Structures are given as structure tokens and as C-alpha cells.
Amino acid sequence: MNNIFKKSSISKEIARKIENNQIKMHPKIYFVLKFILIVLIVLFFALFALYLISFIIFSLKVTGVWFLPKFGFGAIFIFFKSLPWLLILIAAILIIILELFVKHFSFAYRKPLIYSIAGIIILTLLGSFMISKTHLHSELFLRAGDGKLPMMGRFYKDFGSPKLSDVHHGIVSDITKDSFFLETAKGEILTIVINSTTYFNKSEDLKEGDKVVVLGKRNDNSVSAFKIRKTNDEFNIPREQRHK
Amino acid sequence: MSKSIKQLSDENIAQMVQSGKTNFFNILVKRYEAKMMRYAKKFLFNHNDIEDLVQEVFIKAYTNIQSFDASRKFSAWLYRIAHNEFINLIKKKGKEPVSFFDIDALLPHYASKEKADKDVNEKELRKMLDKCLNKINPKYREPIILYYFEDLSYKEIAGILHIPISTVGIRLKRGKKIMRSIYQKLDNRI
């Protein structure tokens, strides 16, 4: 009997509240706008993640850190030590935020979360690598260098300035028997000394105009090369030589 | 008229409410209040305000009914609202642990098939449910209630809890295992 009373009391109470307009139905547009807002938030975080990760890749290239693993096991420690961990942490937080939004969609929660997390990571990394292949960051970096990037200029200057004293980028301007001249983005001319211990892939014959990255100790304007590699990146060579 | 209303599906009635026939909502309330009360009582065994909470579930359902997609099952949608309300209450009261991150939903599992779970010694299971259900973590208690008391399928439970179907199987299996060990301890004491 008590149960029957309880049953009817809930339905009666709800009916009374609806009748007296004490509870109101949200209109359909409310949910449409809510959905659009969620999509926009997801899009914002996705674009922010793409921008940030592609910037991380760019900053690694411009500071020389990107090339360190190519110089062998010994350089791996310096590589990890030189990574922009703050930016990586922010990127990781962005991916977690994206996952928190995405997991509410049925395509994500129906499968183990590891799939949606992996999907987000793979897509953002792929997108970021594609963006890093464009001139977006190098153009912004150059504008920052010229003082034409008011808001983000500091950011590009801080994370884009070379931090590794032993990594030198530039373009080969002249070749002699045991050395070559390297013209850097700053316009300096460095003498790169090649000796018997210098590691260089013989199949990559050096010629004037090649873009290279050199690992080696600098002494004034001379660098005793430990390793040399060719590269395609344009932002670490003198401005007048770019896009040739 | 009364007979034709009885023949209407929940989804049809929900559509009528959406189109402005708000008094039809009470039919849905009457159809589901006993189920919601049972679900709440089993899940929130140590709470006194069950009736108010179930009322709140229906109020939430009414205010949000325009977001209901009539091509889907109304019951699953309502259970989802109830799940959210109940979990929020457990979190608010802080009497039981509700983990923010769940490793079970993170990794893929090979769960046993649905029918195999039903074949397990029904009598023993009923005894365990009566004595030990309120002693296990809400994470395991909820799928057990939805499966054994509400007779929902793995797929429906997965949709309500927003977890993969395989995770439902894993939680049921672990929940029963935990209940069994509690039950055996209780049995030994007697």
C-alpha cells in the first residue's frame, strides 16, 4: 500500500509541477547550440594542439635539437635534456582535454579509451608534421626576428633561439681540402674543420650551396667537426639564400 | 483512448511530449517510476532521499526531452540520466569511492559472452546479491544491478554507463568474484 502511494506521489508531483510551469522544457535550439559549442571547443583545442606540436617540431629544428638523434647514441641524452618540456607538457594537457571531450561521443566510448587516445595522438602528430612542412612557423619566426610579430614575437624568439652551442646550421659557401666555410643565419662565416674522426656519409658529397648541420666544438670562428649532415630546412640559413 | 495509449511505445510518447503534449510525460513517469525506484534503492542503498532523487531524474528527463533522439531507446536515455544523478549524489556524499579514471575502460578486454554469465548458479547468485551487493564498489555494483535486476543487455548497459561492451563483461565478472569472496567470508563466520 505504501509502495502504491509512493508511486503515485512521484507522478502526481511531476504532473503538478509541469502544470504549474514549475519545470520548463529546454527548447531544441538550446541543445543544438550546446552541441555546436562543444564542437567549437573541440575544434579550438584540436587546432591549438596542432599549432603547438608543429611549433615544437619547428623549434626543435631551429634550435638544432631535432638533429641530435641522427648523430648517434651519445647525443640522445643531450636530445632529451634539450627538449622543450614545458611545451610538451602543455601539448599533453591539450590532448587530455581533447580526450575528455571526445570520450562523450558514442564513437569514442563504445571502444576502449586507448583507441580514442591513440587516435587523437596519431592525428595531432600527423597534422602537426604536415603543418611543420609548410612555411607557417618559419615565416612567423622571420617576422618575429624583424620585430613584425607583436603578440607572438617573444614566444618565437624565446623558443626559436639556438640553445645548443655545439650544433651549427648554415649553408656551405666554399670548400677547401680539409675544411669548408659555413654561412650561418646570423651571417657569420664559420670554418668547419674536417679531420679523421669526423663522421660524414661519403655518399652525401658536399658542394657549395648545400644546407648542412654540423656537430662540433666551436673555437672562435672555427669548428672542429664531430659529425656533419645535410638538411633541407631553410630557416637556419641566411635570408637571401632561402627558397632557392 | 486508454488502450491506444498503452500500445504506444515510449519513444512515440516522448515524441508527443516533444511536440508540446506535455501531459503525456506523466505516462512515461508511471511506466518507469517503479524501475527507477528499484534501481536507486539497489544502487544507493545507504541514502534516505531516494524518492526525491527519482523525482529529480524525471524532472531532468522532462527539461531535456528535446535532446532525446526518438530513433533510440527511451529507457536507455532515462537510465543514463538516472546514472548521472546517482553518481553525482555518491560523489557529493563522499561515502563511497568513485574513480575519475577507470583502467577497465582504457584497455581492450576479452569478456565472456552474455549468455554464459546468466548460466552461473542462479540460486547462489541470488543469495550473493541479497547479502553482498551493498558491500561492493559502485563501479561493479551498478552493472550488476542493471544486468540482474533491470534485465538490460551488455550493449544497453554499455550505452548507459558510457563504457565499452567488453568492460561491462569485465565489471560483471569482477563484481561477482568480489561478492563471492565476501559471501564466503560471511558464510564461514556463520
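**Chains A and B: reading the labels**

User: What makes helix 7 and helix 2 of chain B worth pointing at when we talk about confidence?

Analyst: In chain B, confidence is lowest in helix 7 (residues 114-119) of chain B, with a mean of 55, and highest in helix 2 (residues 10-18) of chain B, at 96. The scale here is pLDDT, the predictor's confidence in each residue, from 0 to 100. This is a predicted model, where local features need pLDDT of at least 70, side-chain atom pairs count only at pLDDT 80 or more, and totals for chains, interfaces and linings use all residues. Residues are numbered from 1 along each chain as its sequence is written, while chains are lettered from A and ligands numbered from 1 in the order in which they are written.

User: What are the mean pLDDT of chain B and the scores of the model?

Analyst: Chain B has a mean pLDDT of 86, and 89% of its residues reach 70 or more. The model scores ipTM 0.79 and pTM 0.76.

User: How many helices and strands does chain A have, and what counts as one?

Analyst: Chain A comes to 8 helices and 6 strands. Helices (H or I, at least four residues) and strands (E, at least two) are DSSP runs, numbered from the N terminus. Going from the N terminus, chain A runs α-α-α-α-α-α-α-α-β-β-β-β-β-β.

User: Why is N21(A) called exposed?

Analyst: Count the neighbours! A residue is buried if 20 or more other C-beta atoms lie within 10 Å of its own, exposed if 12 or fewer, and partly exposed in between, with C-beta atoms placed from the backbone. N21(A) has 8 C-beta neighbours inside 10 Å, so N21(A) counts as exposed. N21(A) sits in the loop between helix 1 (2-19) and helix 2 (28-63) of chain A.

User: What makes the phi of N21(A) stand out?

Analyst: Most residues other than glycine have a negative phi. N21(A) isn't glycine, yet its phi is positive, near 60°.

User: Why is D220(A) called exposed, and where does D220(A) lie?

Analyst: D220(A) has 7 other C-beta atoms within 10 Å, so D220(A) is exposed. Look for D220(A) in the loop between strand 5 (211-219) and strand 6 (222-230) of chain A. D220(A) isn't a glycine either, and has a positive phi of about 55°.

User: Why is I87(B) called partly exposed?

Analyst: I87(B) has 17 other C-beta atoms within 10 Å, which falls in between the two cut-offs, so I87(B) is partly exposed. I87(B) belongs to helix 5 of chain B. Its C-alpha atom is separated by 9.6 Å from that of F43(B), 44 residues apart along the chain.

User: How many residues of chain A are in contact with chain B, and what makes a contact?

Analyst: Two residues are in contact if their C-beta atoms, placed from the backbone, lie within 7 Å. By that rule, 21 residues of chain A are in contact with 26 residues of chain B. Helix 1 of chain A gives the largest share of the chain A side, 8 residues. That side has 12 nonpolar, 2 polar and 7 charged residues. Here Ala, Val, Leu, Ile, Met, Phe, Trp, Tyr, Cys and Pro count as nonpolar, Asp, Glu, Lys and Arg as charged, and the others, Gly among them, as polar.

User: How do you know where the domains of chain B are?

Analyst: Domain bounds come from an automatic or database domain assignment. For chain B, the assignment gives domain 1 (2-93) and domain 2 (103-189). Their contact takes 11 residues from domain 1 of chain B and 12 residues from domain 2 of chain B.
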